[in-house]
Amino acid sequence: MVAAVVAAIVVAEAAVLALRPREGIGNPLPVDPTAYFTPDQIQRAEAYRGPQRLLGLGVLAVEIGVLALAAWRPPAALTAPRRRPLVAAAAAGAALSVLVALAPLPLQAVAHQRARAVGLVTQSWGGWAADVVRSTAIAALFAALGAAAVVGLLRRAPRTWWLWGSGVIVGFGAFTVALSPVVISPLFNDFRPLPAGDLRRDVLALADRAGVRVGEVYVMDASRRTTAANAYVAGLGATKRVVLYDTLLEGFAPDEVRVVVAHELGHQFHADLWGGLGFLAVVTPVGLFAAGRITERLAPDLRGPAALPALALSVAVLVPAITWVSNQLSRAVEARADTFSLQLTGAPAAFAAFERRITLRNLTDPDPPDWATFLLGTHPPTVERLGAAEAWAAGRRP
Ligand SMILES: [Zn+2]
């Protein structure tokens, strides 16, 4: 069991090294955060982010705790012999997923309240509760399907189920990447096409220069939940779109919006989504194999619904471990998209102005502790991104 877990981590690390961008990342200059932020601003961000990070880790601990309890003492409903094990598995999967969603709610409510108190979140408690219900329902649906599929596989192919399961997960990942901007995101937000004008022309011209074909530019009503600003490019083929948060359009200068759009086009140019799917395709089989070994140790019967809590527990433990590894890849890929943005716009001052403004607005810690970047950082910390812009401005380009 230990060997399988170590092997999964080693394979994930090897995949990171193989997929890691080799060029297109500059060497950021060292940046003192006080050159961009007042001591007061830095202190305010740290006072907010520090406890938020701990609350996030607490949520993870509660989720794992709930699953550990269910694995240690599987409910009688799971262990009783069933005539229709797949139906029982679907019900158990949905129930487990609802349990995991509800148990950490108090911690999440505290995090929500803190975000409201600093003005980062605009959403009312009613809207928050509606989101919780909606996302719990979606998760329960997928958990039911996943649980039925996995128990079906365990029964049919007890030796190779993890291989088939990986195929399903990676296929589902590709499907989600292609369809979530069209199917899932509209459940949570409204999207309207960006009206004709300078910005739309500008975004399409940037995409053209980057060699990225974009079907449509949308504005998303992010402000109904948050003051945080962002943009993304999503979808494959005909569903490909640039999405701008309305908060980005309201709070930022046009040359700052360009820098953000150029960063997102960088992800498209380098096909980072496919790199991510490639990582998933390599890591999922070894991860599931390791989860199977853990489950064998914990569960009485690997071929029925009774194995589900143990399997869910092993996945819940392995996913954060592998995410910590994959965050190394994510940070490198984000740094490359930053360089792409600097290249495409040639505007390091606008880039730095955007980084400074978004850091203040999102109450991001500009220079977080190394452990936090290592474990949780999907992007380089602000000081590093500012350092990349400074290096670019100083002519030190990759
Ligand atoms: Zn990015």
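# Helices, a sheet and two loops in a predicted model

The crossing of α12 and α13 is right-handed. The contact between the two helices is made by residues including Asp-272, Gly-275, Phe-279 and Val-283 of α12, together with residues of α13, among them Ala-310, Leu-311, Ser-314 and Val-315. Like everything below, this is read from a predicted model.

Two packed helices are described by the angle between their axes and the distance between the axes. The axes of α12 and α13 (residues 308-345) come within 9 Å and cross at roughly 150°. Angles over 145 degrees count as roughly antiparallel, and α12 and α13 are therefore roughly antiparallel to each other.

## Helix α7

Helix α7 covers residues 161-183. A kink of about 40° lies at Val-177, shortly before the proline Pro-181. Pro-181 is buried, as are Trp-161, Trp-162, Gly-165 and Ser-166 in α7. What covers these buried residues includes two other helices, α6 (125-156) and α8 (185-188), and also β3, β4 and α12.

Val-170 also belongs to α7. Is Val-170 buried or exposed? Neither word fits fully: because Val-170 has 18 C-beta neighbours inside 10 Å, this residue counts as partly exposed. Apart from neighbours within four places in sequence, Val-170 is in contact with Leu-277, Leu-280, Ala-281 and Thr-284. An α-helix has 3.6 residues a turn, so residues three or four places apart point the same way. For a wider view of the chain, Val-170 and Gly-377 are 207 residues apart in sequence, and their C-alpha atoms are 24 Å apart in space.

## The sheet

Strands of a sheet pair through backbone hydrogen bonds, either parallel or antiparallel. Here 4 strands form an open sheet with mixed pairing, in the order β1-β2-β4-β3. Its edge strands are β1 (191-193) and β3 (231-234), each of which pairs on one side only. From one strand to the next, the twist averages 30°.

The table lists how the strands are joined.

| Strands | Direction | Bridges |
|---|---|---|
| β1 and β2 (residues 216-220) | antiparallel | 3 bridges |
| β2 and β4 | parallel | 5 bridges |
| β3 and β4 (residues 241-245) | antiparallel | 4 bridges |

Particular residues face each other across these pairings. Phe-191 stands opposite Met-220 in β2. Val-217 stands opposite Val-242 in β4, and Ala-231 stands opposite Leu-244 in β4.

## Two loop residues with positive phi

Most residues other than glycine have a negative phi, and most peptide bonds are trans. Which value does phi of Ala-271 take? The angle is near 50°, a positive value in a residue other than glycine. Ala-271 lies in the loop between α11 (254-269) and α12 (272-298). With 11 C-beta neighbours inside 10 Å, Ala-271 counts as exposed.

Leu-363 has a phi near 55°, again a positive value in a residue other than glycine. This leucine lies in the loop between α14 (348-361) and α15 (370-376). Leu-363 is buried, because 20 other C-beta atoms lie within 10 Å.

Key. Residues numbered from 1 in each chain as written. Predicted model: local features only at pLDDT ≥ 70, side-chain atom pairs only at ≥ 80, totals over all residues. Buried ≥ 20, exposed ≤ 12 C-beta atoms within 10 Å, placed from the backbone. Contact = placed C-beta atoms within 7 Å. Pairing = 2+ DSSP bridges. Axes fitted to C-alpha atoms, helices over the stretch in contact; angles between N-to-C directions. Bend = angle between axes of the 7 residues up to and from the residue. Parallel < 35°, antiparallel > 145°, perpendicular 65-115°, else oblique. Left-handed = near helix turned anticlockwise from the far one by under 90°.
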